[in-house]
Amino acid sequence: MAKYIVEQSGPLHGEVEISGAKNAALPILAATVLTADVCEICDVPRLKDIDVMCRILRSLGAKVDEDWDEHIIRVDGSGISVSEVPYDLVKLMRASIFVMGPLLARLGKASIAQPGGCAIGDRPIDLHTKGLKTLGARVMMSEGLVNASVDRLKGALVYLDFPSVGATENIMMAASVADGVTTIENAAEEPEIVDLASFLNKMGAKIKGAGTDTIKIEGVPSLHGARHAVIPDRIETGTFMVAAAITRGNVLIKNCLPDHVRPVMAKLIECGAVVEDELEGLRVRGDAGKLVATDIKTLPYPGFPTDMQAPFMALLTTVSGTSTVIETVFENRFMHAAELSRMGANIRVDGRNAVVPGDKRPLTGAHVMSTDLRAGAALVLAGLVAKGTTEVSQIYHIERGYENFVEKLSGLGAKIKRVED
Ligand code: EPZ
């Protein structure tokens, strides 16, 4: 197994280019199942999760060409005839569930291994299945499989008990070719939802309201191929913003959309960092004065993103004063706290609340383990400012969601290398 060796590094300086958003590219690739035409998706990040989604599309009968010189994936969906997604693919990536709505719409059936939970929570799919049932699908769970079938999807009013990102995406994709109008109420408002709706509308869908809590989809008979460039990754953006702050550096983050990271900007400014929207990108400075504590509460967009909770907690261990962190989205997303405490932080967790004493700078390097994608990133950031050496294991989690993470950090002056165990 590979691991990262991270040495205490000085302040990060220079420029970093943000990649396309994993959490936009995945549902958009799933949406290509909705048409027999060719789709061209640009600015796709080269990540393990993307590789798994391409394998899933091929297993359904699609022809998938990956051009990593150009970061373009071309999908020819004309050969799609398989409606099953086996467990050996689903177990690699929960987001496999995103093909359920498109398969129901394209083939009238879908049989997908029930995605298991993961370190951060049970990750149920009840809102996905409830929404598809409301559109007329029959959905049965048996022997770890989710079997769905429908003669014709019919538009309906779907109310989401929680603004689930994945459920909003699955329902929106299925509704795009249903008979009649679908309204999704209490929908997720994330930028990735807007990007998916933009792609679907380029395919001929009629979707309004994406990015608000009410999305209206007027079903159309069929969708055609389209070309789409994925938005930049707002969580990678936030991760590098925090990297600049935690190392007290000065970094220009290029190819990012400042509007997608307003909560992270606001919290960094509350801590005393400087964040400036320059022509070429966002400049983040952690060297402009003493950094101080703040309080974080994760919420669905436009609130503070749960995916930024772990990286931000690493920063909070190094500022002056005690911070509190409340995680409202996932039920078990503080595992990085124990690993940070092994580096000298003294974080106290009680259910969904964490108290993060500051003034632990420098932390002490240690052998730590990634438990999920963003926890792993947080441990790397902590390693940059810890005395000595930090070894981060289970880095496959990190490499699912951060393209060229070592190269990008090294380009800013970080002392990090990837070694095979
Ligand atoms: C998406 O996951 C992202 N993944 C996650 O990013 C992100 O953390 C999450 O949205 C929240 O922003 C992708 O887009 C591939 P949810 P998703 O459905 O769709 C509960 C990362 O680090 N829920 O909004 O699975 C669920 O248990 C990953 O890139 C139900 O109860 O998130 C959770 O508590 C991690 N029933 C809450 O909603 C359901 O049917 C949020 O889940 C679905 C969800």
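This report covers nonpolar cores, helix packing and two single residues in a predicted model.

## Nonpolar cores

In soluble globular proteins, nonpolar side chains tend to be buried together. Here the largest nonpolar core has 80 residues. Within this core, I50, I73, M172 and L200 touch the most other members.

What does I73 touch, leaving aside residues up to four places away in sequence? The list includes the nonpolar residues L29, C39, I41, V44, I50, C54, V64 and W68. The charged residues E40, D65 and E66 are also touched by I73.

A second core is separate and has 69 residues. Among its members are V242, I296, L381 and L409.

## Helix pairs

Two packed helices are described by the angle between their axes and the distance between the axes. Three pairs follow.

| Helix pair | Angle between axes | Axis distance |
|---|---|---|
| α1 (residues 22-31) and α2 (residues 48-60) | about 5 degrees | 10 Å |
| α5 (residues 126-134) and α6 (residues 165-175) | about 25 degrees | 8 Å |
| α8 (residues 234-246) and α12 (residues 373-384) | roughly 20 degrees | within 10 Å |

**α1 and α2.** The axes make an angle of about 5 degrees. Angles under 35 degrees count as roughly parallel, so α1 and α2 are roughly parallel to each other. From α1, the contact uses K22, A25, L26, L29 and A30. From α2, D49, I50, M53 and L57 take part. By class, this contact has seven nonpolar, no polar and two charged residues. Two of the names return from the core: I50 is one of the residues there that touch the most other members, and L29 is touched by I73.

**α5 and α6.** This pair packs at about 25 degrees, and α5 and α6 are therefore roughly parallel to each other. Their crossing is right-handed. Helix α5 brings L127, H128, G131 and L132 to the contact. Helix α6 brings G166, A167, N170, I171 and A174. The residues of the contact of α5 with α6 divide into five nonpolar, four polar and no charged.

**α8 and α12.** The axes of these helices cross at roughly 20 degrees. Helices α8 and α12 are therefore roughly parallel to each other. The crossing of α8 and α12 is right-handed. On the α8 side, I235, T239, V242, A243 and I246 make the contact. They meet R374, A377, L381 and A382 in α12. By class, the contact of α8 with α12 has seven nonpolar, one polar and one charged residues. V242 and L381 are also members of the second core.

## Two single residues

K133 sits in helix α5. Is K133 buried, partly exposed or exposed? K133 is partly exposed, because its relative accessible area is 45% and partly exposed runs between the 20% and 50% cut-offs. K133 and I28 are 105 residues apart along the chain, and their C-alpha atoms are separated by 22 Å.

E7 lies in strand β1 (residues 2-7). With a relative accessible area of 31%, E7 is partly exposed. Its C-alpha atom is 36 Å from that of V90, a residue 83 places away along the chain. Which residues does E7 touch, not counting residues up to four places away in sequence? They are G383, L384, G388, T389 and K415. Of these, G383 and L384 fall within helix α12 (residues 373-384).

Conventions. Residues are numbered from 1 along each chain as its sequence is written. This is a predicted model: local features need pLDDT of at least 70, side-chain atom pairs count only at pLDDT 80 or more; totals for chains, interfaces and linings use all residues. Side-chain values use heavy atoms; hydrogens and water are left out. A nonpolar core is a set of buried Ala, Val, Leu, Ile, Met, Phe, Trp, Tyr and Cys residues joined through side-chain atoms within 4.5 Å. Buried means under 20% relative accessible area, exposed over 50%, partly exposed in between (1.4 Å probe, protein chains only). Contact means heavy atoms within 4.5 Å. Axes are lines fitted to C-alpha atoms, for helices over the stretch in contact, and angles run from 0 to 180 degrees between N-to-C directions. Helices (H or I, at least four residues) and strands (E, at least two) are DSSP runs, numbered from the N terminus. Angles under 35 degrees count as roughly parallel, over 145 as roughly antiparallel, 65 to 115 as roughly perpendicular and the rest as oblique. A crossing is left-handed if the near helix is turned anticlockwise from the far one by less than a right angle, and right-handed if clockwise.
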